[in-house]
Amino acid sequence: MCRNITTLRGLEPSATSEEIYAAALQYVRKVTGVGSLSATTRGPIERAAIEVAKITEQLLEEMPARRTPPQTVPPLRRPEVRARLGLD
């Protein structure tokens with residue numbers, strides 16, 4: 001589990017639902033201290049991540065444009081991460 005949540009505001013193209021959910025899941029896992037999902041933690045963690053993702057999507061829509069883009073590329077946009085996760 002990463003220590004830093006990915007910055008999504010100001011991405012070009014805009015953050016995808018997949019990227020927003022991944023950041024929400026990362027946040028929920030961090031605040032709960034859950035490193036890996038088990039049968040007992042999967043449901044509550046996923047439900048919370050879905051809610052956080054919805055709120056995050058609304059927040060990103062309401063925020064003004066950034067003057068400069070984020071300094072790092074989100075993990076889901078990196079070819080090596082996508083290949084490792086089997087997304088391509």
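Which side chains meet in a salt bridge with an N to O distance of 3.7 Å, one of them being Arg 42? The exercises below work towards this and other features, so keep the structure in view.

**Before you start**

This is a predicted model, in which local features need pLDDT of at least 70, side-chain atom pairs count only at pLDDT 80 or more, and totals for chains, interfaces and linings use all residues. Residues are numbered from 1 along each chain as its sequence is written, and side-chain values use heavy atoms, with hydrogens and water left out.

**Exercise 1. Solve the opening question and place the pair in the structure.**

Step 1. Recall the general idea: side chains of opposite charge can pair when their charged atoms come close.

Step 2. Apply the cut-off: a salt bridge is a side-chain nitrogen of Lys or Arg within 4 Å of a carboxyl oxygen of Asp or Glu.

Step 3. The partner of Arg 42 is Glu 46, and their side chains meet at 3.7 Å, N to O.

Step 4. Now find the element. Helices (H or I, at least four residues) and strands (E, at least two) are DSSP runs, numbered from the N terminus. Arg 42 and Glu 46 both sit in helix 2, four residues apart, or about one turn of the helix.

Step 5. Check the surroundings. Buried means under 20% relative accessible area, exposed over 50%, and partly exposed in between (1.4 Å probe, protein chains only). Arg 42 is partly exposed at 40%, and Glu 46 is partly exposed at 29%.

**Exercise 2. Describe the chain as a whole.**

Step 1. Count the elements: the protein chain has three helices and zero strands.

Step 2. Read along the sequence, and the pattern is α-α-α.

Step 3. Look at the extent of the C-alpha trace, which spans about 40 × 30 × 20 Å along its principal axes.

Step 4. Turn to burial: of the 88 residues in the protein chain, 24% count as buried.

**Exercise 3. Work out how helix 1 and helix 2 are arranged.**

Step 1. Start with the method. Axes are lines fitted to C-alpha atoms, for helices over the stretch in contact, and angles run from 0 to 180 degrees between N-to-C directions.

Step 2. The axes of helix 1 and helix 2 (residues 42-62) come within 8 Å and cross at roughly 125°. That makes helix 1 oblique to helix 2. For the classes, angles under 35 degrees count as roughly parallel, over 145 as roughly antiparallel, 65 to 115 as roughly perpendicular and the rest as oblique.

Step 3. Give the handedness: helix 1 passes helix 2 in a right-handed crossing. A crossing is left-handed if the near helix is turned anticlockwise from the far one by less than a right angle, and right-handed if clockwise.

**Exercise 4. Find further salt bridges and say what they join.**

Step 1. A search of the whole structure finds four salt bridges.

Step 2. One of them pairs the side chains of Glu 18 and Arg 82 at 3.7 Å, N to O. Glu 18 lies in helix 1 and Arg 82 in helix 3 (residues 79-85), so the pair ties together parts that are 64 residues apart in sequence.

Step 3. Compare the partners: Glu 18 is partly exposed at 39% relative accessibility, while Arg 82 is buried at 18%.

Step 4. Another salt bridge joins the side chains of Glu 51 and Lys 54 at 3.4 Å, N to O. Because they are three residues apart in helix 2, Glu 51 and Lys 54 are separated by about one helical turn. Glu 51 is partly exposed at 43%, and Lys 54 is partly exposed at 48%.

**Exercise 5. Pick out some residues to visit.**

Step 1. Go to helix 1, where Ile 20 lies. Ile 20 is buried, with a relative accessible area of 4%. The C-alpha atoms of Ile 20 and Ile 5 are separated by 10 Å, and the two are 15 residues apart along the chain.

Step 2. Move to helix 3 and find Val 81. Val 81 is buried at 10% relative accessible area.

Step 3. In the loop between helix 2 and helix 3, look for Pro 70. Pro 70 is buried too, at 15%.

Step 4. Finish in the segment before helix 1, which holds Pro 13. A cis peptide bond joins Glu 12 and Pro 13, with omega about -5°.
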